[in-house]
Amino acid sequence: MTDERFERGLQTLTGIDSDGGRVLDSLADVSPALAEAVVSWGYGDVYARPGLPPRDRQLVTLGMLTALGGCEPQLEWHVNASLNVGLTPAEIVEALLHSAVYCGFPKALNATFAAKKVFGERGLLPVTADAPASS
């Protein structure tokens, strides 16, 4: 891993969440190599690419973590990150609702409850969304 990749990744990560470096702290005593890979590769090489703006990358990430299931701690972090890059609570809820069609209700429910926890912590409840368009 190069220092340039790591520095770019850390800059990208902290641009999304000012406390983004906590991944380094949380893994320092068990797997600093994993923390470095997350920062260098995940954020330095992939997330920093110019092909998608951060809000779109976060929508993709929310969908992927929902589809995987069992990723609620990471979902909470990415819901916070999604809010930080300009997604609204209503857009996040809509994305998670949309995921139910492809991932099933249990995974969409778990993801929505993770989002609800974050919204509650940030004083963003209740979430109001536009009614679906009538046909």
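Which helices do the buried residues of H4 pack against? They pack against H3, H5, helix H6 (89-103) and H7. Before we walk through the details, a word on the ground rules. This is a predicted model, in which local features need pLDDT of at least 70, side-chain atom pairs count only at pLDDT 80 or more, and totals for chains, interfaces and linings use all residues. Residues are numbered from 1 along each chain as its sequence is written, and side-chain values use heavy atoms, with hydrogens and water left out.

**Helix H4**

Helices here are DSSP runs (H or I, at least four residues), numbered from the N terminus. H4 has 15 residues and reaches 21 Å from its first C-alpha to its last, close to the 21 Å expected at 1.5 Å a residue; the expected span is 1.5 Å times one less than the number of residues. Its buried residues are Arg57, Gln58, Thr61, Leu62, Leu65 and Thr66. Buried means under 20% relative accessible area, exposed over 50%, and partly exposed in between, with a 1.4 Å probe and protein chains only. Seen down the axis of H4, these buried residues fall within an arc of 165 degrees, so they line one face of the helix. The arc is that of the directions from the helix axis to the C-beta atoms.

Thr66 is a good place to look at this face up close. Its relative accessibility is 1%, so Thr66 counts as buried. Not counting residues up to four places away in sequence, Thr66 touches Leu75, Leu96, Ser99, Cys103, Lys107, Ala108 and Ala111, where contact means heavy atoms within 4.5 Å. Within H4, a polar atom of the Thr66 side chain lies 2.7 Å from the backbone oxygen of Leu62.

Asp56 is also found in helix H4, but Asp56 is partly exposed, with a relative accessible area of 27%. After the helix comes Gly69, whose phi is positive, near 70 degrees.

**Helix H1**

What about the helix at residues 3-16? The 14 residues of H1 should span 20 Å at 1.5 Å a residue, and its end C-alpha atoms are 20 Å apart, which agrees. Arg5, Phe6, Gly9, Thr12, Leu13 and Ile16 are the buried residues of H1. They cover an arc of only 130 degrees around the axis, which puts them on the same side of H1. Helix H2 (22-27), helix H3 (32-47) and helix H5 (72-84) are included in what covers them. On the face turned away from this buried side, H1 carries the exposed residues Asp3, Glu4, Gln11 and Gly15.

**An aromatic cluster**

Rings of Phe, Tyr and Trp (its six-membered ring) pair if their centres lie within 6.5 Å; planes under 30 degrees apart count as stacked, over 60 as edge-to-face and the rest as tilted. By this rule the count comes to two aromatic pairs, set out here.

| Pair | Centre to centre | Angle between planes | Type |
|---|---|---|---|
| Tyr43 and Tyr47 | 5.3 Å | 35 degrees | tilted |
| Tyr43 and Trp77 | 6.4 Å | 70 degrees | edge-to-face |

Tyr43 lies in helix H3 and Trp77 in helix H5, so their pair ties together parts that are 34 residues apart in sequence. Tyr43 and Tyr47, in contrast, both lie in H3, four residues apart, about one turn of the helix. An α-helix has 3.6 residues a turn, so residues three or four places apart point the same way. Tyr43, Tyr47 and Trp77 form one aromatic cluster. Tyr43 is buried at 9% relative accessibility, Tyr47 has a relative accessible area of 10% and is buried, and Trp77 is buried with 16%.

The cluster also meets H4: the charged end of Arg57 sits over the ring of Tyr47, 6.0 Å from its centre. For this, CZ of Arg (or NZ of Lys) must be within 6 Å of the ring centre and within 35 degrees of the ring normal.

**After H7**

Arg122 is found in the segment after H7 and, at 36% relative accessibility, counts as partly exposed. Which residues does Arg122 contact, leaving aside its neighbours within four places in sequence? They are Asn80, Leu83 and Asn84. The side chains of Arg122 and Asn80 are joined by a polar contact of 2.9 Å; such a contact is a pair of N or O atoms within 3.5 Å, where, within protein, one must be able to donate a hydrogen and the other to accept it, and residues adjacent in sequence count only if both atoms are side-chain atoms. Arg122 and Asn80 are 42 residues apart in sequence and 8.9 Å apart in space, C-alpha to C-alpha.

Pro126 is also in the segment after helix H7 (105-121). The peptide bond from Leu125 to Pro126 is cis, with omega near -5 degrees.

Key:
Helices (H or I, at least four residues) and strands (E, at least two) are DSSP runs, numbered from the N terminus.
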